[in-house]
Amino acid sequence: MVRYLQLAHNEWDPASKSSKTKVLHNFGREDQLDRAAVERLVTSLCRLLDPERAATVRTPGELNYQGSAAFGGAYLLDQLWRQLSIDKIMTSMLARTRRGPYTERVLFALVANRALDASSKLAASHWVGRRAHIDGLASCSDDACYRAMDWLHECRDAIEKKVFDQVATLLNLQVDLLFFDTTSTYFEIDTPDEGVDRDERGIPLPDDRGAGSASTLTAPPGTRRCGNGC
C-alpha cells in the first residue's frame, strides 16, 4: 500500500454549509519523503511564532496519539438509559446480590452494541473500549456478558415491570393496550394435520368426492401427499 502525505486545512463553506479540505502542500509518497525538507519547512514556519510557541512546536510534547473510539452514539443512548432510570433500577436490584454495578454497565454496553453495531456477545466484548467508549466501562469480556445476561434472565420480569412503571409515570401515560413483538413466536399441536393432495407445484387439489362418500381420493401421477405445512 502506497501512502501520500499532504498538508491540508479545513475551511467552512457557508454556501454549502459544510467543511471543505484545502490542500496547502503535497509532500509526495511517504516512502520517498524528504524529511530534511520537511524540517526546513517547519523551521521556516516557526519564525512566524513567538519563541515560546516555536519551542513547543519543535519539541514533541508528552501526548502521543494511540487510537480513538466512537462516543457520540453510546453517549446519547446512555442519557436515554439514565432518563428512564434503567441504571438506577438495575443498580438497586444488584445491590441485593453479590454482583456489583459493573453488571449494569455490561448490560448497557450490550444494548448499545445492538443499537449501533449489532454483533454477537463475543464481538460486543471486543467492541467495548476498542471501537466504542462506554462511560464507566473501560473494557469487557465475553464471560462478563454471559454472566450479566444470566442475571438479567433471572429477574427480567421484575425489571420490565419497574421500567414500565417508570416510563408510564415519566410520560404520564394511561395504558389500555400493550403490543408485543411476536416475531419469534410459534405454536405446536399434539395431533398432525390431515393429509392434503397437492400437484407437482404444491397447490392443493380440489376435493371432488361426493357428499357422504367414504372413498379416498386417488392422487394423479406427479402429486405428493403431505400435511398443511408443506
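A search of the whole structure, which is a predicted model, turns up nine salt bridges. Five residues, Asp 78, Arg 82, Asp 87, Glu 104 and Arg 105, are tied together in a network of them. Side chains of opposite charge can pair when their charged atoms come close. Let's look at some of these pairs, and then at the rest of the protein.

**Salt bridges**

- Start with Asp 87, a residue of helix α4. Its side chain meets that of Arg 82 in a salt bridge, with 3.4 Å from N to O.
- Is Asp 87 buried or exposed? Asp 87 counts as buried, because its relative accessibility is 10%, below the 20% cut-off for that label.
- Its partner Arg 82 has a relative accessibility of 33%, so Arg 82 counts as partly exposed.
- Leaving aside residues up to four places away in sequence, Asp 87 touches Trp 81, Arg 82 and Glu 104.
- Glu 104 has a salt bridge too: its side chain meets that of Arg 105, at 3.0 Å from N to O.
- Both ends of this pair are buried, since Glu 104 has a relative accessibility of 5% and Arg 105 has one of 6%.
- Another salt bridge joins Asp 165 and Lys 161, whose closest N and O atoms are 3.2 Å apart.
- Why are Asp 165 and Lys 161 separated by about one helical turn? The two sit four residues apart in helix α7, and that spacing is about one turn.
- The general rule behind this is that an α-helix has 3.6 residues a turn, so residues three or four places apart point the same way.
- Asp 165 is partly exposed, with a relative accessible area of 33%, while Lys 161 is exposed, with 53%.

**The overall layout**

- The protein contains seven helices and four strands.
- In what order do the elements run from the N terminus on? They follow the pattern β-β-α-α-α-α-α-α-α-β-β.
- Of its 230 residues, 20% count as buried.
- The protein exposes about 18,200 Å², and carbon and sulfur atoms supply 53% of that area.
- Among contacts in the protein with a separation of 6 or more, 51% join residues 24 or more positions apart.

**The nonpolar core**

- The largest nonpolar core has 27 residues, and the members that touch the most others are Ile 134 and Trp 151.
- Which helices each supply at least two residues of this core? They are α3, α4, α5, α6 (121–127) and α7 (142–170).
- Helix α7 gives the most to this core, with seven residues.
- Not counting residues up to four places away in sequence, Trp 151 touches Met 90, Met 93, Leu 94, Thr 97, Arg 99, Thr 103, Leu 107 and Ile 159.

**A look at helix α5**

- Helix α5 covers residues 102–116, which makes 15 residues.
- At 1.5 Å a residue this helix should span 21 Å, and its end C-alpha atoms are indeed 21 Å apart, so the two values agree.
- Ten positions here are worth finding in the structure: Thr 103, Glu 104, Arg 105, Val 106, Leu 107, Phe 108, Ala 109, Leu 110, Ala 112 and Asn 113 are buried in α5.

**Two loop residues with positive phi**

- Most residues other than glycine have a negative phi, which makes the next two worth a look.
- Lys 17 is not a glycine, yet its phi is positive, about 55°. Lys 17 lies in the loop between β1 (4–13) and β2 (18–29).
- Ser 85 also is not a glycine and has a positive phi, of about 65°. Its place is the loop between α3 (72–83) and α4 (86–94).
- Lys 17 counts as exposed because its relative accessibility is 65%, whereas Ser 85, at 14%, counts as buried.

**A nonpolar patch on the surface**

- Which residues make the nonpolar surface patch of about 290 Å²? Leu 41, Leu 45 and Leu 48 make it.
- Leu 48 belongs to the loop between α1 (35–46) and α2 (51–58).
- With a relative accessibility of 72%, Leu 48 counts as exposed, because that value is over the 50% cut-off.

Technical notes
Residues are numbered from 1 along each chain as its sequence is written. This is a predicted model: local features need pLDDT of at least 70, side-chain atom pairs count only at pLDDT 80 or more; totals for chains, interfaces and linings use all residues. Side-chain values use heavy atoms; hydrogens and water are left out. Buried means under 20% relative accessible area, exposed over 50%, partly exposed in between (1.4 Å probe, protein chains only). Patches are made of residues with over 30% relative accessible area and no salt bridge: like charges are joined within 9 Å, nonpolar side chains (Val, Leu, Ile, Met, Phe, Trp, Tyr) within 5 Å. Accessible areas come from the Shrake-Rupley method with a 1.4 Å probe; for residues, only the protein chains shown count as cover. A salt bridge is a side-chain nitrogen of Lys or Arg within 4 Å of a carboxyl oxygen of Asp or Glu. Contact means heavy atoms within 4.5 Å. The expected span of a helix is 1.5 Å times one less than its number of residues. A nonpolar core is a set of buried Ala, Val, Leu, Ile, Met, Phe, Trp, Tyr and Cys residues joined through side-chain atoms within 4.5 Å.
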